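Work through the exercises below with the model open. Each task is followed by a solution in steps.

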Amino acid sequence: MLERLIDTWLDSSSERAYQAPFCQMLVAEGHRIIHSTRHASIEFGKDIISIGPDGRTWAFQLKGNPGSRLTLTQFRQIEPQLQELLTHPVTHPGATQGWHRSFLVTNGQIDEEVSLAIERINVGNTKAGYPDRILEVISRGVLFDWALKLGATLWPSELKNINDILELMTFDGRKPLPLDRFHKVLGDSLRVLEDGQNFKSEADFRRHITSTALLVALSIRNFEAENNHYAIMLAWLLFISYAIAAAKKWGWNYKRNCSDTCQIARDAIRKSLTRLCSEAQKNPALLQGNPFTDTFVFRQRHTLVTALLSLHWFWSEDEGWPDQTQKEFTEQHLASCFQHTWLWGEAAIPQMLIYLWHLGERSASAVTEWSVGSLLEIVLTANTRDSEDALPPPYYDEQAVLRHRLTALLGEQSNELRDEQISGQSFYAQSLLHLLVRTNYKSKCKVLWPDFSRLAALEFKPSPSWAYCLWRAEHGENLHHQPPLTKQWTDLVDEARDCSGDGIPFELLSDRYLLMLFVIALPYRGTPSAIRFLGKAYSSGWFIPPPVERVESQ
Amino acid sequence: MLPDYPEIRDEISRKLEDFVRKRSWEHLGPGLNEISRSKLHEGDASIIVRPDGQEDETDFKEVLSEISIDQTDVPNLTLNEILTRLDGLAEGMARGQAEHIIKSLSDGVERVGNVVEGKAQPLSPELILEVFDKIQLDFDEDGKFQPLTMLGGSNASKAAEEAFRQLEEDPKLRKKWETLIQKKKEQWRAREADRYLAG
């Protein structure tokens, strides 16, 4: 069955779709990836650059020929790029001395005429005195063998959730990523579920990490086909978080065993974010599909895309923009889209926060401080005891909340919130209060305190702490904090200063972009500790005594 | 396997589960079915952290209710008969839940000392005054206290009605009642006045 699945995947994947898993396969073959292009145009003919097991620099150009062959006509079209691949030196600082090896990679077969053409190029270069400038080919057969070797680490006896994998592979790629199924597949593969057993050795653990990466690639093929960028982001994000969980659970060194593979996953996330931005550039109205039904979901989509573009802005300002037009578009779009954002539930709060932090960084005004206060006020008013308009808790996603709001149309049965009383409590009020305290708007905090003291502050504390990385934790405490009637301002300030990120694994804390995306994707993981940490990471506004930060050595 | 029709059976099953859920809620009765419910999406413990830092862990209890169907009945069961049997199941669930809720409440009030010993006497106005003196009352903007729920059997309900009637009509008892409510209102005002950020 594994062969069949890999066959299906290879025969349906575009070049973009198989690039990340190809990197994972290279890592499994002993390579160290030093470059994987994010851009639409490739750099000097090189999509991927690695240091191979032979110590030499390897450069790859990828082509997508799913279920077909690379013909001579197609070869002639890409020949200039191949010449760049062969003749331009690799200038990457991580490259080794000496000329690089050059590879054309395709997930299809190669026509005989193409093989002959490549042979002629190679002979020509050798005769001209450039014996190193040989174009080698990795075609479908090699990719298949490598994937099979990786997959064999996991299949067939170890994986219990074959049905879940098959369901993911046939899932409608237009839908949101089914997190519950992904949880089972990743959890089973990386043994972070209840009945998992430790890996036999460090090498076995490392193999499972790269094999699971291949599993992720297989599972998301339909999402790739539909260009469902957010689903692809989440799939790779969960892969990273579950890898962290597995390393911590079983006591294996994350840096040594997972960081290469997770770096590839991180690149894949960044690529999807870039593509989402490109799509938004072409469709700035953010409308999609049948307008009669789009009207119900538009504002939730808008709020999420606004959040992701805000994250993209921070990430690109730090690590470089894919192109200048994306920067211009993102800044213009985010400056003018506030009226469509919607606080549809507590799950939308992290989305609102990253957007507000972006506005704060772009503007010299006190927009963030003022807005955080307004956000808190909205939550306190909506969630007051006996309120009928309470914001649903962050465990309820966009669709669940819509079903709740549209029971007159859709009926009560599909309403997950139908039996739940959600007023009188909040997951995010405490976090928002701490962010407001940092602005030192004491008078505003005093005005809001009585209403805050009437709400129970909810929080989930997973046990053990690595389970923070999972979609759901089997064990842990659901905490209902009853605030005191009277609180000292200085005590509140001390709480607000804590940016240690207590309860969050260091590997997630050390990457603020992944952590922010994690909290957007799993908003109930936006604990007060996480939000205080992210607030410090994304907002420079700080008007109280200095923060208390975590010191951890790896 | 024999031919089967899982899709429609799943639909019917969901509807029947809904029925049991609704009916068990109704069987709990007014008062108990007004208690807030919330779903625990993950984890295996629920803890209330009081303002003084004290933690009260909620005791999870499994509530079970059973019905059985004889194989020989299956061909002839009507929808009404199925619903009647499921209603019995729902009643059993409600009984189990009610027992647990009342036990939890009793344990809770005993722990904090909010107990008035009735000494097996009928519920009297004096007893009501003693009970109300022990509990915290919240008031609304119009000065009325938030309605309370009293749990008791049918005899206790009749006795409570009579006791409240006496509190309303007997001048001495009425004066005591009004003084008590005024005291409670002042306690409430003091509590609300304590809701502030100091410093």
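**Exercise 1.** Find the residues that lie nearest the centre of the largest cavity.

Solution. Step 1: fix the term. On a 1 Å grid over the protein atoms alone, a cavity is a set of points where a 1.4 Å probe fits but cannot get out; lining residues have an atom within 4 Å of a point. Step 2: take the lining of the largest cavity, 16 residues. Step 3: pick those nearest its centre: Phe427(A), Leu458(A), Ser38(B), Lys39(B) and Leu40(B).

This is a predicted model, where local features need pLDDT of at least 70, side-chain atom pairs count only at pLDDT 80 or more, and totals for chains, interfaces and linings use all residues. Residues are numbered from 1 along each chain as its sequence is written, chains are lettered from A and ligands numbered from 1 in the order in which they are written, and side-chain values use heavy atoms, without hydrogens and water.

**Exercise 2.** Name the strands of chain A that each supply at least two residues to this lining.

Solution. Strands are DSSP runs of E, at least two residues, and helices are runs of H or I, at least four, numbered from the N terminus. The strands are β9 (456-462) and β10 (476-481).

**Exercise 3.** Which element gives the most to the lining of the second largest cavity?

Solution. Step 1: list the elements of chain A giving two or more residues: α16 (367-382), α19 (429-438) and α24 (528-538). Step 2: choose α16(A), with 3 residues. Step 3: check the lining residues, among them Thr368(A), Glu369(A) and Val372(A).

Conventions
1 Å grid on protein atoms, 1.4 Å probe; cavity = no way out; pocket = protein on both sides within 12 Å on 5 of 7 lines; lining within 4 Å.
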